[in-house]
Amino acid sequence: VANQIAIHAARNGHAGLIVSLEESPEGIGLRAISNRGHLSLARLRSGKIGLEEVTAVVREHGMLDYRLWIDTRTFDLTAIAARITQYARRHRIEFAVVDHIGLVRVLAKGTRRYEQIGEVTRTLKQLAMQLNIAVVALVQVGRDSEKEYRRPMLSDQRESGNIEQDLNVCIAMHPKSTDDVTGRVNLEIGLLKNRYGPRAWLTQQFVFDGAVQELRERST
């Protein structure tokens, strides 16, 4: 979903940077092509879709013109902050995606993990303010909501209350069911925190189609 947000922004002329700590550039690229061309990600990964078809999708959607950079080699917080700053100044990026903050290394001895996570969120927020860009940071939630069959809450975010404190908007997804035939996941989306408007679970229902890497509103 974060990739889809980045692709949509880049398609509309907004330059951005994806800092991924668990995906390869090739994997992110294939997800983008799958999303734009509605091509099967599994078939793309296995090489069953030919280069000509892939090239046609890239050309049709102008993907070579997307000002979207990918960094999969930076893991330390200080280095991530430096890289985002570098791209903001050199390429004038308007947003950065960090996937995900639980994997960011903080080179500080004697601090507990929740304190390190707090340092990550504070640093990312300061970057957003200083550089005047949007920072989309992915966060894993604990298993309690899944075990209790309920929507996630702000308190379900792993390891630190600093996450809740530092973020401006928290968008949560709650899987309701999976279609065993298609593998599509029915989702609810909620604004658990929103400094710019109301907090609520959206009345619309959504589906994530993993086959083509697309989140869309579900038709009734």
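**Notes on a predicted model: salt bridges, a central strand and a surface patch**

1. Let's begin with Asp-209, which forms a salt bridge with Arg-216, their closest N and O atoms being 3.5 Å apart. Asp-209 is buried, at 6% relative accessibility, whereas Arg-216 counts as partly exposed at 27%. The pair does not stand by itself: salt bridges that share partners join Arg-184, Asp-209, Glu-214 and Arg-216 into one network. Please keep in mind as you read on that this is a predicted model.

2. How many salt bridges does a search of the whole structure find? The count is eight. Two further examples are worth a look, and they are taken up in the next two points.

3. The side chains of Arg-151 and Glu-188 meet in a salt bridge, at 2.9 Å from N to O. Arg-151 sits in the loop between helix H7 (144–147) and helix H8 (162–166), while Glu-188 belongs to strand S6 (residues 185–194), so this pair ties together parts that are 37 residues apart in sequence. Is each partner buried or exposed? Glu-188 is buried, because its relative accessible area is 7% and the cut-off for buried is under 20%. Arg-151, with 36%, is partly exposed.

4. Glu-119 and Arg-122 give a local example, their side chains meeting in a salt bridge of 3.1 Å, N to O. Both residues lie in helix H6 (residues 113–131), and because they are three residues apart there, about one helical turn separates them. Glu-119 counts as partly exposed, with a relative accessibility of 33%. Arg-122 is also partly exposed, at 32%.

5. Now to strand S3, which covers residues 95–99. Why can S3 be called largely enclosed by the rest of the structure? Five of its five residues are buried, so the description follows. Phe-95, Val-97 and Asp-99 point one way from the strand, Ala-96 and Val-98 point the other way, and all are buried. In a regular strand, side chains alternate between the two faces of the sheet. For a bench reader, Asp-99 may be a residue to find on screen, as it is listed among the buried residues of S3.

6. The strand partners of S3 come next. S3 pairs with strand S1 (residues 16–20) in the parallel sense, over five bridges. Within that pairing, Gly-16 has Phe-95 of S3 as its bridge partner. S3 also runs parallel to strand S4 (residues 134–137), and four bridges join the two. Here Val-98 stands opposite Ala-137 in S4.

7. On the surface, Val-1, Ile-5 and Met-173 make a nonpolar patch of about 230 Å². Ile-5 lies in helix H1 (residues 2–11). With a relative accessibility of 43%, Ile-5 counts as partly exposed.

8. A last stop is Arg-90, found in helix H5 (residues 77–90). Is Arg-90 buried or exposed? Arg-90 is exposed, because its relative accessible area is 58% and the cut-off for exposed is over 50%. As for distance, Arg-90 and Gly-118 are 28 residues apart in sequence, and their C-alpha atoms are 28 Å apart in space.

Definitions and conventions: Residues are numbered from 1 along each chain as its sequence is written. This is a predicted model: local features need pLDDT of at least 70, side-chain atom pairs count only at pLDDT 80 or more; totals for chains, interfaces and linings use all residues. Side-chain values use heavy atoms; hydrogens and water are left out. Buried means under 20% relative accessible area, exposed over 50%, partly exposed in between (1.4 Å probe, protein chains only). Two strands pair if DSSP finds at least two bridges between them. Patches are made of residues with over 30% relative accessible area and no salt bridge: like charges are joined within 9 Å, nonpolar side chains (Val, Leu, Ile, Met, Phe, Trp, Tyr) within 5 Å. Accessible areas come from the Shrake-Rupley method with a 1.4 Å probe; for residues, only the protein chains shown count as cover. A salt bridge is a side-chain nitrogen of Lys or Arg within 4 Å of a carboxyl oxygen of Asp or Glu.
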